[in-house]
Amino acid sequence: MLLFLVLPFAAHATDVQATLDRSTVQLGETVTLNLHIKDGTSAAMPDLSPLEQDFDILGSSQSSDLSIVNGQRSAELVIGVVLRPKHVGTLVVPPLGVAGGQTAPLQLVVSQPDPSSAAAADKNVFMESELAPQHAWVGQQLSYVVRLYISGDVTNGTLDAPLVDGVQLNQVGGDLRYDKVRGNREYRVIERRYAVVPQHAGTLTVPALNFRGVAVDPNDPDSFFGGGTQVAASAPAQTVQVQAAPANWGQSAWLPARALSLSLSGWPDAGTPVRVGQPINLTMTLSATGLPAEALPQLSLPSISGATVYPDQPKTATANDDAWLQGSSERRFAVVPERAGTLTLPATTLRWFDVTSGQEQTAEIPAHSVTVLPAAGAASASPTAASTPEPVTVTVAASAPSSATSHGVPWRWIALGSLLLWLCTMLAWWLFRRRVPRGVVAATAKHASTDGVRQQRLAFLAVARGGDAMAQLRSLLAWARAERPAIRNAGELETALADVTQRRAIADLQRCCYGNAAPAAAVDLAGAFERGFIWRNDESREDDGLPPLYPFKLE
């Protein structure tokens with residue numbers, strides 16, 4: 001009874017999550033604790049007293065986000081709490097009770113203030129920059145951070161964007177805004193992060209960035225009407241040495257990353273039956289930390305003996321909401337077994353370079369095997385053909401002529417008996433053949449033909465889910481020829497069909513192959529042909545005197 005009483009409350013528990021806008025700060029800086037409430041539009045301020053042991057609570061705010069995507073409504077409420085650490089060390093943000101749920105604890109590393117930057121503390125506006133790591137490889141992502149410190153009221157501010165030749169440079173995430181104390185003065189800090197990927201070896205220099213704005217004096221009313229003071233600041237230039245890829249790396253793709261993983265899903269286990277013609281749908285995923293998606297190699301499966309592989313179009317993405325880029329690539333494959341027995345997918349390996357350790361690493365997908373059964377409905381054994389009777393061999397022992405004549409049967413009678421025995425055997429075989437129904441041979445041939453049509457149909461339906469229009473057209477023609485061998489090309493197939501939807505699908509597929517049309521994925525081939533071909537009742541058609549649109553034979 002207690003269990004059933006508790007379950008309804010557990011089912012309605014609010015999904016809450018706590019995050020920090022930064023994981024490391026210096027003493028005197030502020031950090032924002034964001035409390036995310038999923039599917040919430042309003043909530044009471046939680047009890048923040050557990051934070052007071054290690055933090056000063058400077059303020060709080062609330063914001064909500066409501067979105068509707070594909071008819072699905074989602075909402076999120078974010079409560080922001082500005083905190084200032086009280087001492088140096090690894091501080092723990094304790095769990096908080098928020099809207100009926102509870103957040104997980106977080107860690108924040110607080111370090112001593114940087115003495116080298118204290119000289120700028122007497123300025124109203126100054127800038128800092130940082131480029132890490134100091135030693136890099138070609139293609140490795142570097143993290144470039146620029147910080148703008150503002151004390152007082154500044155308007156009409158503009159901050160330059162870094163321009164560097166020979167590098168791929170993109171801003172990572174949005175601007176971070178927080179407060180920091182320098183020399184007993186409080187500053188508002190605007191922090192921007194960039195991902196820098198050098199394309200050439202040598203010295204990489206990120207030039208100085210400039211800021212220009214107008215300082216406004218709250219005690220001078222004229223300063224709000226163009227009478228403010230011009231202020232400017234500059235972030236120091238940063239230099240780093242970039243090393244070329246190792247000379248002994250070879251011809252494989254150069255992948256300098258902080259972390260990399262390669263995985264494969266969808267392979268059937270030992271308890272899942274797999275049959276000839278039944279597609280095995282696999283998904284290969286590659287993800288790397290510190291590399292954009294465009295730097296990742298194209299995914300492919302190794303050659304598989306006894307099966308045909310139909311790849312789909314790859315999907316790539318780059319997440320840039322952290323200091324390091326997260327590149328990912330995903331590709332799906334349809335593996336169609338062609339014969340019964342053991343089907344083996346060989347191991348797949350990918351070399352990459354770990355920039356944190358400076359060592360070569362290998363990501364591997366181990367080999368997989370599965371037992372493939374015959375196609376459903378196929379005969380378990382090949383039909384037994386009517387055997388031809390073997391000729392009867394009669395061996396006659398040689399003997400003396402006088403003995404054969406006087407005591408044994410004369411040789412003429414032996415020859416005549418052998419001939420009669422052979423004739424009787426042939427007569428019995430002929431009578432046996434007449435008793436077997438004539439439809440047995442035809443039924444056996446029809447069964448084999450039906451089995452071949454089914455395999456071609458399953459292979460086509462597997463290809464129809466992909467985006468390779470030419471492979472889809474070849475598979476469709478192979479299926480059609482299995483039913484009607486006289487069909488030579490897609491034009492004849494389209495003419496032989498009675499269904500308007502199937503004819504239109506073939507026309508769209510040909511435009512995808514030979515014209516400027518949309519990708520083949522836009523053609524619903526599987527839906528058009530899921531019931532099989534709908535042939536015309538009248539197989540004979542009048543000759544219009546025009547040559548076929550595609551007279552050649554597709555192989």
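Leaving aside neighbours within four places in sequence, which residues is Arg22 in contact with? In this predicted model, the residues in contact with Arg22 are Glu29, Thr30, Val31, Leu108, Leu176, Tyr178, Glu191 and Arg193. Arg22 is placed in the loop between strand S1 (16-20) and strand S2 (24-26). With a relative accessible area of 6%, Arg22 is under the 20% limit and therefore counts as buried. Two polar contacts of the Arg22 side chain are described here. In one, a polar atom of the Arg22 side chain lies 2.6 Å from the backbone oxygen of Thr30. In the other, the side chains of Arg22 and Tyr178 are joined at 3.4 Å.

The protein as a whole has 555 residues, of which 36% count as buried. Its secondary structure comprises 8 helices and 31 strands. Among contacts with a separation of 6 or more, 70% are made by residues 24 or more positions apart. The exposed area of the protein is about 32400 Å², and 54% of this area is supplied by carbon and sulfur atoms.

Salt bridges were searched for across the whole structure, and 10 were found. One of them is formed by Glu186 and Arg84, with 3.6 Å between the closest N and O atoms. Glu186 belongs to strand S16 (residues 185-198) and Arg84 to strand S5 (residues 72-85), so this salt bridge ties together parts that are 102 residues apart in sequence. The two partners fall into separate accessibility classes: Glu186 is partly exposed at 44% relative accessibility, whereas Arg84 is buried at 19%.

A further salt bridge joins Arg147 and Glu191, with the closest N and O atoms 3.1 Å apart. This pair also links distant parts of the chain, since Arg147 lies in strand S12 (residues 142-150) and Glu191 in strand S16, 44 residues apart. Both Arg147 and Glu191 are buried. Glu191 is also one of the residues in contact with Arg22.

The salt bridge between Arg511 and Asp508 has an N to O distance of 2.0 Å. Both residues belong to helix H7 (residues 500-514); they are 3 residues apart and therefore separated by about one helical turn. Arg511 is partly exposed, with a relative accessibility of 45%, and Asp508 is likewise partly exposed, with 23%. Elsewhere, Glu130, Arg147, Glu191 and Arg193 are joined into one network by salt bridges that share partners. Of this network, Glu191 and Arg193 are in contact with Arg22.

Turning to the sheets, one open sheet of 3 strands has the order S11-S20-S17 and mixed pairing. Strand S11 (135-137) and strand S17 (202-206) stand at its edges, each with a single partner strand, so one side of each has no neighbour in the sheet. From one strand to the next, the twist averages 35°. Within this sheet, S17 and strand S20 (residues 238-243) pair in the antiparallel sense over 5 bridges. Gly202 has Val242 of S20 as its bridge partner.

Another open sheet of 3 strands follows the order S13-S18-S19, and its pairing is antiparallel. The edge positions are taken by strand S13 (153-159) and strand S19 (229-235), each of which pairs on one side only. On average, neighbouring strands of this sheet are turned by 25° against each other, with direction ignored. S13 pairs with strand S18 (residues 209-216) in the antiparallel sense over 5 bridges. Thr155 has Val214 of S18 as its bridge partner. In a regular strand, side chains alternate between the two faces of the sheet.

Strand S31 (residues 368-373) takes part in pairings of both senses. With strand S23 (residues 274-275), S31 runs parallel, and 2 bridges join them. Val274 has Val372 of S31 as its bridge partner in this pairing. With strand S28 (residues 341-345), S31 pairs in the antiparallel sense over 5 bridges. Leu345 stands opposite His368 of S31.

Conventions: Residues numbered from 1 in each chain as written. Predicted model: local features only at pLDDT ≥ 70, side-chain atom pairs only at ≥ 80, totals over all residues. Heavy atoms only, no water. Helix = DSSP H or I, 4+ residues; strand = E, 2+ residues; numbered from the N terminus. Buried < 20%, exposed > 50% of the residue type's maximum accessible area, 1.4 Å probe, protein only. Contact = heavy atoms within 4.5 Å. Areas by Shrake-Rupley, 256 points an atom, 1.4 Å probe, with all protein chains shown as cover. Salt bridge = Lys/Arg side-chain N within 4 Å of Asp/Glu carboxyl O. Pairing = 2+ DSSP bridges. Axes fitted to C-alpha atoms, helices over the stretch in contact; angles between N-to-C directions. Polar contact = N/O pair within 3.5 Å; in protein donor to acceptor, adjacent residues only side chain to side chain.
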